[in-house]
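Welcome! Please look over the sequence and the 3D view below, then work through the exercises at your own pace.

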Amino acid sequence: VTLLKEKLDRYLIGVPRHQVQPADIVLLKINGWPQHLAVLSDYPLEGELGMIHAYAPAHRVIEHRYDTHWRTQTYMAYRLPQIQ
């Protein structure tokens with residue numbers, strides 16, 4: 001278990017991945033390891049979720065669809081206690 005996951009487990013509430021919603025935080029696997037965070041958003045396309053995160057290939061923070069690729073890379077999902 002990574003230190004990042006330990007801290008997320010301590011301060012946030014775990015959410016089943018199939019129940020994520022805007023404002024949830026997802027811990028993503030990069031190169032097979034859980035090490036990257038994104039905040040989920042309402043995406044402009046009706047009924048879809050987006051994700052906001054620092055995207056290294058773009059050298060900036062971006063928002064894009066939370067598509068099948070990113071869903072399969074999701075290791076855990078969390079919600080802030082205030083948003084329950």
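**Exercise 1: a pair of strands**

Strand S2 (residues 25-30) and strand S6 (residues 74-79) run antiparallel and are joined by 4 bridges. Strands here are DSSP runs (E, at least two residues) numbered from the N terminus, and two strands pair if DSSP finds at least two bridges between them. This is a predicted model, where local features need pLDDT of at least 70, side-chain atom pairs count only at pLDDT 80 or more, and totals for chains, interfaces and linings use all residues. Residues are numbered from 1 along each chain as its sequence is written, and side-chain values use heavy atoms, leaving out hydrogens and water.

Task: find the bridge partners of Ile-25 and Leu-27 in S6.

Solution: Start at Ile-25, whose partner is Tyr-78. Then go to Leu-27, which is bridged to Met-76.

**Exercise 2: the hairpin**

Task: follow S2 into S3 and say which residue has a positive phi.

Solution: First, S2 and S3 pair in the antiparallel sense over 6 bridges. Next, Leu-28 stands opposite His-36 in S3. Finally, 2 residues lie between the strands of this hairpin, and Asn-31 takes a positive phi near 55°.

**Exercise 3: the whole sheet**

Task: write down the strand order and explain why S1 and S5 each have one side without a neighbour in the sheet.

Solution: The order in this open sheet of 6 strands is S1-S6-S2-S3-S4-S5, with antiparallel pairing. Strands S1 (13-15) and S5 (60-65) stand at the edges with a single partner strand each, so one side of each is left without a neighbour in the sheet.
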